[in-house]
Structure formats: structure tokens, C-alpha cells
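Please consider the structure shown below, together with its sequence. The paragraphs that follow lead through its disulfides, sheets, cores and backbone details in turn.

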Amino acid sequence: MCRGSAGVKCNSRNNTAGASPPSASLPWTTTPHRRCPPTAEPAPPRRVGAVAAPAAAPSPAQPIPSHPLPAAQEEGEGFHLARPAPPGARWSRKLRCRRRGPAPASAPGPCGEMAAGRALAALLAALLAASAQLLQREASFTIALRTVDNVTVMIKLRPGVLVGCQIRVKNFFRSELKIKPGDNVTFTFTCSTPEKYFIMEIQKNIDCVSGPCPFGDVHLYPPGLPRLNRTFIWDVKASTKAGLELKFSTPWLRQIEPGETCPDFVSYNINSCIDKATVSIGTFCRNGSVSRVKLLGGVIMALHLPWNSPLTASGFNIANRASIKRLCIIESILKEESSITLMSPNYPLGFPEDELMTWQFVIPSSMRASVFFHNYSLSNCERKEERVEYYIPGSLSNPEVFKLSDSQPANIPGSFNLSLQGCDQDAQNPGILRLLFQVVVQHPQVDENVTHLVDLSKESNMTVTIHFEGWPSRIPVMSEPICLICKDPRTCDRVLTLVSGAVYKISFLCKDLSRLRITAEKGISCVDLRWCQRKIYSLLVPKAITQLPIQLHKFIWKLLAPDLINIEITSPSLKLQQHVPEQRCNTSYSYSIVGATPETELNVGVFCPGGSVEKIQMRNNVTISLKTFGKGFLNESKHQDLKMSFVPHIKDECSFTVSPDPKAKVYLQTPNWPYGLPPYVSISWYVVVPNKQVARLGFSKDRMGIACETGRAYVNIKEETAGAEETVRREDEPLPEPRNMYHDFWVNVSNCKPVDKTQLTLQFRVTLADKQIDLGVILAVVAGAGVLAAIGLTVCCVKKKKKKSQNPMVGVYNANVNTQVPGKQGLFTKGRKNNESHVYAVIDDAMVYGHLLKESNGSVSPEVDVYRPFDGPIGSLPPSPPPLSFRKDIKHSSNTEEPPPLTDTDHDAYTFAHQKSGQSEDIGDTSEKNNGDTSTSLLENKEQDGLVE
């Protein structure tokens with residue numbers, strides 16, 4: 001048997017058990033220059049460095065195929081093997097073993113000149129895979145450690161992994177191997193993938209107290225280790241009077257939180273040792289800004305590498321420095337716009353008691369830095385006070401001291417230092433001091449000196465928050481460009497809240513202001529209905545907000561009403577449109593109205609301006625949220641007209657007043673859509689129908705679609721007119737068919753307690769149209785008008801005939817007749833100014849036909865003339881009677897008898913009538929009341945009075 005450099009074998013014609021079939025697809029073949037011997041012993045392995053190749057040949061039961069592993073592939077699997085090629089063998093692209101003599105036709109294997117089939121090629125590929133695993137499993141490693149290096153290598157099982165592989169040292173199997181300084185150990189693994197089962201720790205102890213320190217670059221020693229997950233640990237012991245500096249090569253380091261992993265799985269752990277205490281400075285990844293870490297006393301540095309990492313250098317060096325008089329100093333270099341996150345030592349555990357540490361930030365003077373504390377906690381101090389100190393070059397108040405709860409400095413030009421100082425903690429309850437903060441470096445903004453005035457001095461119960469987009473649910477990533485809002489040049493933050501009753505001057509450190517938003521909230525409450533019922537509140541966005549160059553995201557009004565007081569929301573001019581799937585809002589803003597009761601929350605819906613809803617009345621507290629969409633709100637906000645007021649208690653939880661648009665359909669739906677009305681809630685709509693129009697009412701489905709567990713659900717429809725019938729439907733009945741409503745009408749929906757998985761959701765529509773007059777109605781009106789015309793013509797003819805027969809006319813004044821009765825001069829002893837002789841009534845005999853007009857169903861009232869008392873100046877002569885054309889209404893007595901004629905009819909050309917005291921007049925009323933005899937003449941009364949005297 002002959003072997004290639006990688007254990008490739010070929011068999012002679014007499015030895016065919018391990019022969020491999022030829023295949024044109026194999027990359028490498030062996031072609032010896034001489035006849036293959038019947039047997040050949042394997043060449044001894046050649047040692048390379050500290051790792052040896054397999055020393056024993058494989059057993060005949062597991063033959064090694066004729067496909068060698070290239071050297072690069074062997075090294076990639078963690079082995080460094082070399083085997084000498086047999087004499088006279090050479091590499092060729094054809095899989096055959098050339099022989100000097102002709103091969104028999106029946107000779108099998110590659111020594112024959114036969115073609116390879118596809119099936120044999122597949123079999124050969126399987127054999128190649130098996131041989132590769134065998135070579136790796138059989139590979140041995142030799143680790144030789146020098147005593148002076150003081151390095152210890154430990155190979156052990158990974159935590160939480162079952163034993164599936166072992167380490168073989170000579171003839172002993174073990175699951176853990178420790179190689180001490182001065183040892184030389186050769187070992188192999190019993191599995192093909194040891195990286196799945198084992199990890200390796202390489203620890204180097206450096207004593208800088210009793211001897212000199214090996215300052216300079218730190219190397220990864222020893223080389224040529226098995227490809228396992230490995231951790232290099234450097235334990236440096238130093239005096240607390242001296243400092244050690246760990247300087248990292250580019251691309252420097254980036255601190256991460258505990259539990260976080262690095263993208264390339266390469267991480268550094270830095271721990272400080274003071275006496276017997278160990279403090280974790282932090283965990284770092286590559287590609288960051290941390291360039292140096294200075295520590296007091298000893299240090300334990302750990303570098304974690306994955307099994308497939310190509311890293312061959314530690315990436316740092318150790319230098320000696322004078323005492324730094326604090327726990328540590330961490331230096332970060334920030335040359336461009338960036339954002340970094342740093343943590344206090346031992347985070348998230350407590351910072352050491354009464355310790356001091358410093359972060360140094362090296363920043364170009366043309367840049368601006370801002371500090372933000374994102375997470376911190378304080379311990380219970382007995383002495384001193386926990387604080388942070390800033391040293392800013394050029395500041396007149398160095399160091400600037402802040403509490404951890406204060407807003408930290410921002411817009412700092414150039415480099416600065418930040419120090420964290422602990423305190424003496426309470427022994428019984430020490431608490432925890434910890435800090436996680438962010439430093440953001442930006443270019444100075446063009447308009448950083450431009451301030452905006454926000455006057456909230458006349459507002460009450462209002463807060464204005466300026467924040468980044470997505471706040472508070474979204475937390476921006478650290479790498480995202482930051483926008484800052486500043487109350488003054490050094491007080492800036494990502495979120496700034498302004499309260500009412502003050503005036504602010506704010507500025508922005510942000511390249512793109514479109515990434516900022518405003519959220520405001522205002523509270524309106526009523527305690528005494530007598531005071532607030534007469535007041536109307538305008539729900540408008542103040543100009544102090546709209547004038548800012550920031551988009552308004554949301555304005556929230558919280559309306560608080562006590563018991564027995566309700567809230568009314570109106571939009572007199574614009575009105576409101578309910579946002580429904582069939583009728584979506586397309587305006588730049590909308591209102592979300594939610595009612596909050598002690599038992600449940602009622603989401604009334606989303607509304608936008610330009611609809612048909614004039615008024616919404618709700619019980620208990622209400623929250624109205626104005627939300628904007630786009631930049632068009634600035635123009636449309638000038639026409640806002642939403643108002644609210646407090647009103648007395650209403651019956652329903654919510655009531656709408658709707659005036660439909662004659663040119664469009666109005667869609668309305670129940671609150672809490674699509675989740676359904678809460679149990680036992682009643683909602684009403686009052687729909688106004690204009691004159692000369694008819695409303696078409698229709699529901700979107702045939703039934704309510706619920707089943708009640710307790711109570712009943714109803715839909716009530718009723719027109720607002722006398723004698724109108726009410727339509728009522730229960731949940732188990734079909735909803736009313738589409739119908740025409742000729743008057744204003746009500747729609748009421750009352751819910752029961754539905755069974756599980758059923759909810760009451762209703763939607764209906766209202767459409768207006770002009771009234772269509774029926775032909776029968778027209779004919780009836782024409783016929784009625786003809787009858788009335790005939791009756792009127794008849795009355796006119798009778799009146800004209802009666803007037804012609806009257807001679808003389810009653811009530812015509814004759815100036816030549818003596819008004820006093822002869823022989824009774826004493827009856828009129830008073831002058832006209834002192835008696836009531838001038839009060840009289842003129843009665844037209846034509847009015848006796850007034851009963852004919854009463855027969856026309858009261859449509860025309862008879863004409864009755866009444867002469868009212870004269871209130872002007874009275875002369876010595878009685879006034880002339882009014883002309884016949886002068887008409888006024890008068891109440892007639894029910895007594896139709898003619899008054900008894902006077903004795904002296906020749907001298908009495910007209911009749912007087914006197915109304916008794918207590919008789920009331922009702923102008924326009926045709927009913928008669930007999931409260932006195934109005935037919936008795938004034939002369940008779942006077943005569944009787946004279947007789948009494």
C-alpha cells in the first residue's frame with residue numbers, strides 16, 4: 001500500500017479491499033512512477049510546532065479513501081498535519097495509479113484503466129466524508145508551556161452541555177484537562193466537533209508588585225490551540241499607589257449592557273481589583289469610542305473569542321501610570337456626530353460606597369455635546385451626597401455640580417469631564433447607586449440662537465409637551481440622529497414639558513424639525529352648575545402652539561363633570577361628520593370623543609368637520625382628542641368652531657342632534673364600533689327634517705344580531721308630531737324597513753346584557769329629498785277652495801241686498817237732534833267731559849248674517865266692529881261715528897234679542913251701549929261670553945240713575 005502526503009492510498013491488483021473507484025470529478029489523484037507494492041507502511045508523522053499529526057494508521061475496517069485534504073482545509077479544521085509522499089508518486093488530475101505494465105482487464109480499483117460510473121462516484125463521496133471525520137477525530141494536539149510565562153490552560157465542558165465527547169490523554173479519557181506552566185501534554189478528542197462540547201481558558205498571571213511589569217503589547221499565547229471557544233485572562237497585580245492604563249488600538253471599544261452580546265461575539269471584560277474587592281468596570285465590544293481605561297491597583301482583563309474567530313492579536317497594551325486617586329478613568333474620543341452609552345461600574349448593581357470615577361470625553365471644539373441620564377437610582381446616604389460634577393474648559397463655575405435628578409448640561413462646546421461621586425451609605429439599608437447615561441455629539445445648528453416665545457401666562461390647567469416622533473411608546477435607537485429642545489442654552493432634552501401660567505423662550509438643536517411633535521392637554525371642570533351652566537367654552541388650539549415650527553400631534557381636552565351635570569358639545573357652523581367605513585374623513589384633523597363613566601368607557605367615535613352632527617350630549621366625564629394629519633392643519637385650524645358647555649342631567653348616556661345635508665347621505669353608527677355597545681346603555685339621535693323635504697331612514701342590516709342574557713334590546717323610532725305612532729323593535733324581531741319621515745324624528749337604541757360573543761352594533765343612513773305632492777291632495781285642495789269661494793260669494797250677495805233694504809241705517813249720527821229726553825233736564829247735569837255719554841257702539845245690521853260664515857268650519861270669522869273708548873281730548877260735542885269701512889273684532893253677547901226701543905225714538909237716531917265693569921275683551925276670539933247685557937241703552941241707565949237719586 002502507498003500513501004500520498006495526506007494519507008491517500010492505492011491498492012495493487014492483489015489487494016483490492018480498500019480500492020477506490022475512479023471519478024473524473026475528484027480534484028486530486030495520485031500517479032506513482034513505479035508499480036505499487038503489495039503493502040506499504042505509513043510514513044511517520046512530521047511534528048509541526050507543538051501539535052502532532054496522528055501517529056497510528058487507521059484500521060482496515062475504516063479505510064482512508066484516495067481523496068486527500070488540502071493543507072488549507074486541514075488547518076481550517078484545527079489540525080496542522082503533514083505526511084511525506086511515497087517515492088515516485090506525483091499529483092495528477094486523473095484518479096488512477098499508473099503501472100509500468102499493462103493491467104489485466106479484470107483488475108478492479110484505480111489501478112485499472114476502466115471508466116467510473118455515477119453510482120461509484122456517489123459511494124466515493126460518502127467515503128471521503130467518513131475519512132475526513134476520522135482524520136479530525138484521530139488528530140492529536142501537543143501543548144508545551146514554559147514556566148517563565150506563568151500561563152495556565154484549562155479545557156473543560158461547556159456549561160449545560162451533556163457529555164458527548166471526551167479528551168484522551170495517552171490511554172486515559174477525561175472530560176477536563178488542566179495544563180500548568182512547564183507541562184507538555186499531547187491529547188486528542190473523541191468527537192469530530194469538540195467546539196460543541198468544550199471551552200478553553202488561558203490565564204496569565206502578571207505580578208507588578210514584586211517584580212517589573214511586562215508593559216507593551218499583549219500577545220495571545222500559546223499559539224496553535226484547538227479551535228474552541230476560548231477566553232484569554234490577564235490577571236495583573238499592582239499597588240494601589242500606582243495606576244495601570246489599558247490602551248486599545250483602533251477601532252476602540254463600545255460599552256454594552258450586561259446580557260447584551262457583541263455582533264462578532266468578541267468581547268472584553270474589565271475588572272478592577274482593590275485589596276480583595278473586585279469591581280466590574282464594564283463589558284465592551286469592538287468598534288466604539290473608548291480608547292483608554294485607567295485603573296487604580298490591579299486589573300483583571302478578559303478577552304472572549306469564538307471558536308471560529310480569526311483574531312490573532314489582543315488589541316491592547318498595558319502601561320504604567322501614576323496614581324489616579326479614584327476608582328477608574330474611562331476616556332472616549334468622539335470625532336464626528338455620534339451617540340454613545342456608558343454605565344457606572346457594577347451596573348446594574350451598586351456603585352462602590354464612597355468611590356469616585358471619571359469619564360473623559362475628547363471632542364473637537366467645533367462640535368456640541370449633550371448628556372442625558374436614562375436610568376439611575378440613589379443609595380441611602382449617611383454622610384456626603386451623591387452627585388455628578390462637570391469640568392468644562394472655559395467655564396467660570398468649574399466644577400459644575402448637579403444632582404442625578406437634575407436636567408444635565410447640553411450644548412457643551414468641545415471636550416469635558418464627567419465625574420460620579422458616591423457617599424457613605426447606611427449600613428442597615430444601603431440602597432444602590434447606579435447610572436446609565438448617553439452622550440450625544442452634534443454639529444452646531446444654524447438656528448441654535450433663534451428663540452421662540454411660548455406665552456402660556458393666560459392659560460390654565462394646560463401642559464404642552466414637545467417630543468420626538470413616536471413618543472412615548474417608541475424609544476429611539478442610540479444611533480438615530482437626535483433632536484433637542486432647549487429652555488436655555490445649557491438645559492436641553494429630547495422631551496420638554498411646558499406648563500400654563502408662564503412664558504418660555506425655547507430653541508431647537510435639530511437638523512430636521514419635522515421629526516418633532518407637540519402634544520398638549522387642557523382640563524375643564526365644573527363644580528357649581530349655577531356658575532358654569534351659562535358659560536360656553538371654545539375648544540380651540542391656542543396660537544402659542546400653532547405659531548411654533550413644530551407639527552401639532554394631538555391636543556386633548558379633559559372635561560370633568562360632577563353628578564347630575566352633563567356635557568354638551570356643539571359645532572354650530574362646520575358641524576361634525578362621523579368617520580364610518582362608508583363615509584371616511586379626509587380632513588387634516590379629527591376629533592376622537594370618549595366618555596368615561598365609573599363603570600365603563602364609551603368610545604363615541606371619530607368625527608371631523610364638515611358633516612351633519614350639530615350637537616352631542618353626554619353624561620359624566622368626556623375626553624376629546626384632536627389629532628392632526630399633515631401640514632394642512634395650520635390653515636384649517638383658523639376655522640375651528642367646536643364648543644362645549646355644561647347642561648343639566650340627560651336621560652341617555654349619549655344623545656346626538658343631526659341636521660342632514662340635503663345633497664348627501666348621512667351615515668350614523670352606534671358608539672364603541674365595532675366592539676358593540678356596553679350593556680344597558682341607551683343612545684338617541686334626534687334628526688331634523690327641513691320643511692318641504694322628506695327624510696328616508698334605512699338600516700344597514702335586517703336584525704340587531706344579538707341574543708340577550710338579561711333584559712331586552714330595543715330600537716325605537718318616532719316622529720316629533722302630534723298623534724305620531726312609535727315603531728318599536730326588539731332584538732328578536734326584524735328591524736324596520738326603509739321608510740319616509742315627514743317630520744323631525746327620534747331614533748333610540750337601548751342595549752341589554754348580551755350573551756357571550758354577541759355585540760350590539762347598528763348603522764343607519766338618512767337621505768333627504770323634496771316632498772312629492774299627490775294628485776288627490778291637489779284635487780282636494782282645489783275643491784275646498786271652490787266651496788269656500790262659493791260661500792264667500794253667497795255672503796257678499798246677501799250683505800249687499802241687506803244693505804239696500806236698510807233705511808235709515810242704524811248708528812247714523814244726526815247733529816240736529818237733542819240728545820236729552822224732554823222734560824227731564826236734570827238727567828244730564830254733567831258736561832260731556834264728566835260723563836260717559838260719548839261711549840257707544842255702532843252695530844251694522846249686515847252682521848246678522850255672520851252665522852252663515854260660521855258654517856264654513858270656522859275657516860272665516862264673522863266681522864264684528866267694536867268701538868273702543870276714546871282716550872284723547874274730549875270736546876263739548878260728541879265725536880262723529882266711524883265710517884262703515886272701519887272694522888275691529890268684538891265679543892258678541894250670546895243674547896240675540898233686539899234691545900227694547902226707547903220711548904222717544906223720533907229724537908234718538910243712534911243707540912248707545914255701555915260695557916259693564918269686569919267684562920274682559922279678547923281681540924280675535926270669536927267665542928261669546930254673556931258677562932253683562934250690552935244691549936241696554938245709555939239713556940235708560942242714566943234715567944234709572946236719576947230716579948234712584
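Cys585 is partly exposed in this predicted model, with a relative accessible area of 21%. Its disulfide partner is Cys608, and the two sulfur atoms are 2.2 Å apart. The link of Cys585 and Cys608 is left-handed, with -85° about the S-S bond. Cys585 belongs to the loop between strand 42 (576-578) and strand 43, whereas Cys608 belongs to strand 44, so the pair ties together parts that are 23 residues apart in sequence. Unlike the partly exposed Cys585, Cys608 counts as buried, at 2% relative accessibility.

This link leads directly to the strands around it. Strand 43 (residues 589-596) is mostly covered, since 6 of its 8 residues are buried. Strand 43 pairs with strand 44 (residues 601-609) in the antiparallel sense over 6 bridges, and within this pairing Gly595 has Leu602 of strand 44 as its bridge partner. Strand 43 is also joined to strand 46 (residues 621-628) by 8 bridges, again in an antiparallel arrangement. Here Tyr591 stands opposite Leu626 of strand 46.

A search of the whole structure finds 9 disulfides, and two further examples deserve attention. A disulfide joins Cys483 to Cys510, with an S to S distance of 1.7 Å. Cys483 lies in the loop between strand 33 (462-468) and strand 34 (484-488), and Cys510 lies in the loop between strand 37 (503-509) and strand 38 (516-525), so this link ties together parts that are 27 residues apart in sequence. Cys483 is buried, with a relative accessible area of 4%, and Cys510 is buried with a relative accessible area of 4%.

Cys708 and Cys752 form another disulfide, their sulfur atoms 1.9 Å apart. The link of Cys708 and Cys752 is left-handed, with -85° about the S-S bond. Cys708 is located in strand 52 (residues 708-710) and Cys752 in the loop between strand 56 (745-750) and strand 57 (753-754), so the pair ties together parts that are 44 residues apart in sequence. Cys752 is buried, with a relative accessible area of 0%.

The sheets come next. In one open sheet, 4 strands are arranged in the order 49-58-51-55 with antiparallel pairing. Strand 49 (666-669) and strand 55 (739-741) stand at the edges with a single partner strand each, so one side of each is left without a neighbour in the sheet. From one strand to the next, the twist averages 30°. Inside this sheet, strand 51 (residues 693-699) and strand 58 (residues 763-770) pair over 7 bridges in the antiparallel sense. The bridge partner of Ala695 in strand 58 is Leu768.

Another open sheet of 4 strands has the order 5-10-7-8, and its pairing is antiparallel. Its edge strands are strand 5 (140-144) and strand 8 (172-174), each of which pairs on one side only. The twist here averages 35° from one strand to the next. Strand 7 (residues 167-169) and strand 8 pair in the antiparallel sense over 3 bridges, and Arg168 stands opposite Phe173 in strand 8.

Attention now turns to the interior. The largest nonpolar core has 82 residues, of which Trp557, Ile616, Ile624, Phe646 and Phe656 touch the most other members. Leaving aside its neighbours within four places in sequence, Phe656 is in contact with Val604, Phe607, Val613, Lys615, Ile616, Ile683, Ser684, Trp685 and Tyr686. Apart from this core lies another, of 78 residues, among them Leu145, Ile155, Phe316 and Met357. Phe316 also appears in a cluster in which ring pairs link Phe232, Trp234, Phe248, Tyr268 and Phe316. The structure holds 23 aromatic pairs.

Several loops show notable backbone geometry. The peptide bond from Thr250 to Pro251 is cis, with omega near 15°; Pro251 is found in the loop between strand 14 (242-248) and strand 15 (253-256). A cis peptide bond also joins Trp673 and Pro674, where omega is about 0°, and Pro674 sits in the loop between strand 49 and strand 50 (682-687).

Which residues other than glycine have a positive phi? Asn287 has a phi near 65°, and Asn411 has a phi of about 60°. Asn287 is in the loop between strand 17 (277-286) and strand 18 (290-296) and is exposed, with a relative accessible area of 54%. Asn411, in the loop between strand 27 (400-402) and strand 28 (412-413), counts as buried at 14% relative accessibility.

Technical notes:
Residues numbered from 1 in each chain as written. Predicted model: local features only at pLDDT ≥ 70, side-chain atom pairs only at ≥ 80, totals over all residues. Heavy atoms only, no water. Pairing = 2+ DSSP bridges. Helix = DSSP H or I, 4+ residues; strand = E, 2+ residues; numbered from the N terminus. Axes fitted to C-alpha atoms, helices over the stretch in contact; angles between N-to-C directions. Core = buried A, V, L, I, M, F, W, Y, C linked by side-chain atoms within 4.5 Å. Buried < 20%, exposed > 50% of the residue type's maximum accessible area, 1.4 Å probe, protein only. Contact = heavy atoms within 4.5 Å. Phe/Tyr/Trp six-rings, centres within 6.5 Å; stacked < 30°, edge-to-face > 60°. Disulfide = S-S within 2.5 Å.
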